[in-house]
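Reader: I have a model open and want to learn how to read it. Where do I start?

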Amino acid sequence: MGIRKSNKLMSQKAVIKHIIKRCSSLGKKHGYVNEEGLPLDVPKGHFVVYVGDNRSRYIVPISILNMPQFQSLLQRAEEEFGFDHDMGLTIPCDEELFQSLTSIFR
């Protein structure tokens, strides 16, 4: 059982690393990054997600990745959109629900 948990954890880390890499490459493609390849308006330790039907942009702390609820949203995002596209990290969630979920980080 411990091995499965470890493999699952490694899998989640690999997925998160892939997501962050894809998000940073989108910024390079569109000129939204500085010389170091970091987004101009996203503070260190944060990343961007797009939420809801209007794809509203949110800057969230990386620590949100530890929340089981957010991990569930990431799994839904992967199922619905996949992670290999140029749309940015899109979360299939109602904006009000997302704001409620992330309110503990404000």
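Author: Start with one term: contact means heavy atoms within 4.5 Å. Bear in mind that this is a predicted model. Now take Phe47. Not counting residues up to four places away in sequence, Phe47 touches Val42, Tyr58, Ile59, Val60, Pro61, Ile62, Ile64, Leu65, Phe70 and Leu89.

Reader: What is the secondary structure of the protein, and which pattern does it follow along the sequence?

Author: There are 3 helices and 3 strands. Read along the sequence, they give α-β-β-α-β-α.

Reader: How do I read the sheet? What is the order of its strands?

Author: The order is E2-E1-E3, in an open sheet of 3 strands with mixed pairing. E2 and strand E3 (90-91) stand at the edges. Each has a single partner strand, so one side of each is left without a neighbour in the sheet.

Reader: Which pair runs parallel, and which antiparallel?

Author: E1 and E3 run parallel, joined by 2 bridges. Strand E1 (residues 46-51) and strand E2 (residues 56-61) run antiparallel, joined by 6 bridges.

Reader: Which residues should I click on to see the bridges?

Author: Go from E1 to E2 with Val49, whose bridge partner there is Tyr58. Val51 stands opposite Ser56 in E2. Towards E3, Val51 has Ile91 as its bridge partner. Tyr50 pairs with Thr90 in E3.

Reader: What should I expect of side chains along a strand?

Author: In a regular strand the side chains alternate between the two faces of the sheet.

Reader: Now the turn. What is a good check on backbone angles there?

Author: Look at the sign of phi. Most residues other than glycine have a negative phi. The hairpin of E1 and E2 has 4 residues between the strands, and Gly52 there takes a positive phi near 80°. Arg55 is not a glycine, yet its phi is positive, about 50°.

Reader: Where is Arg55 found, and is Arg55 buried, exposed or partly exposed?

Author: Arg55 is found in the loop between E1 and E2. Arg55 is partly exposed, with a relative accessible area of 31%.

Reader: On to packing. What is the general idea of a core?

Author: In soluble globular proteins, nonpolar side chains tend to be buried together. Here the largest nonpolar core has 18 residues. Those with the most contacts inside it are Phe47, Val49, Phe70, Ile91 and Phe98. E1, E2, helix H2 (68-80) and H3 each supply at least two residues of this core. H2 gives the most, with 4 residues.

Reader: How does H3 lie relative to the strands?

Author: H3 lies across E1, E2 and E3. It runs at about 15° to E2.

Reader: Which residue in H3 is worth a look?

Author: Try Thr102, which lies in helix H3 (residues 95-102). Buried means under 20% relative accessible area. Thr102 has 6%, so Thr102 counts as buried. A polar atom of the Thr102 side chain lies 3.4 Å from the backbone oxygen of Gln99. Leaving out residues up to four places away in sequence, Thr102 touches Val60 and Ile64.

Reader: Can a loop residue be read in the same way? Take Cys93: where is it found, and why does it count as buried?

Author: Cys93 is found in the loop between E3 and H3. Cys93 counts as buried because its relative accessibility is 9%. Cys93 touches Val51, Gly52, Leu73 and Phe98, again not counting residues up to four places away in sequence. Check Leu73 along the chain too. Leu73 and Cys93 are 20 residues apart, and their C-alpha atoms are separated by 7.5 Å.

Reader: Which totals describe the protein as a whole?

Author: Take burial, contacts and surface. Of the 106 residues, 33% count as buried. Among contacts between residues at least 6 apart in sequence, 48% join residues at least 24 apart. The accessible surface comes to about 7400 Å², of which 54% belongs to carbon and sulfur atoms.

Key: Residues numbered from 1 in each chain as written. Predicted model: local features only at pLDDT ≥ 70, side-chain atom pairs only at ≥ 80, totals over all residues. Heavy atoms only, no water. Pairing = 2+ DSSP bridges. Buried < 20%, exposed > 50% of the residue type's maximum accessible area, 1.4 Å probe, protein only. Polar contact = N/O pair within 3.5 Å; in protein donor to acceptor, adjacent residues only side chain to side chain. Core = buried A, V, L, I, M, F, W, Y, C linked by side-chain atoms within 4.5 Å. Areas by Shrake-Rupley, 256 points an atom, 1.4 Å probe, with all protein chains shown as cover. Axes fitted to C-alpha atoms, helices over the stretch in contact; angles between N-to-C directions.
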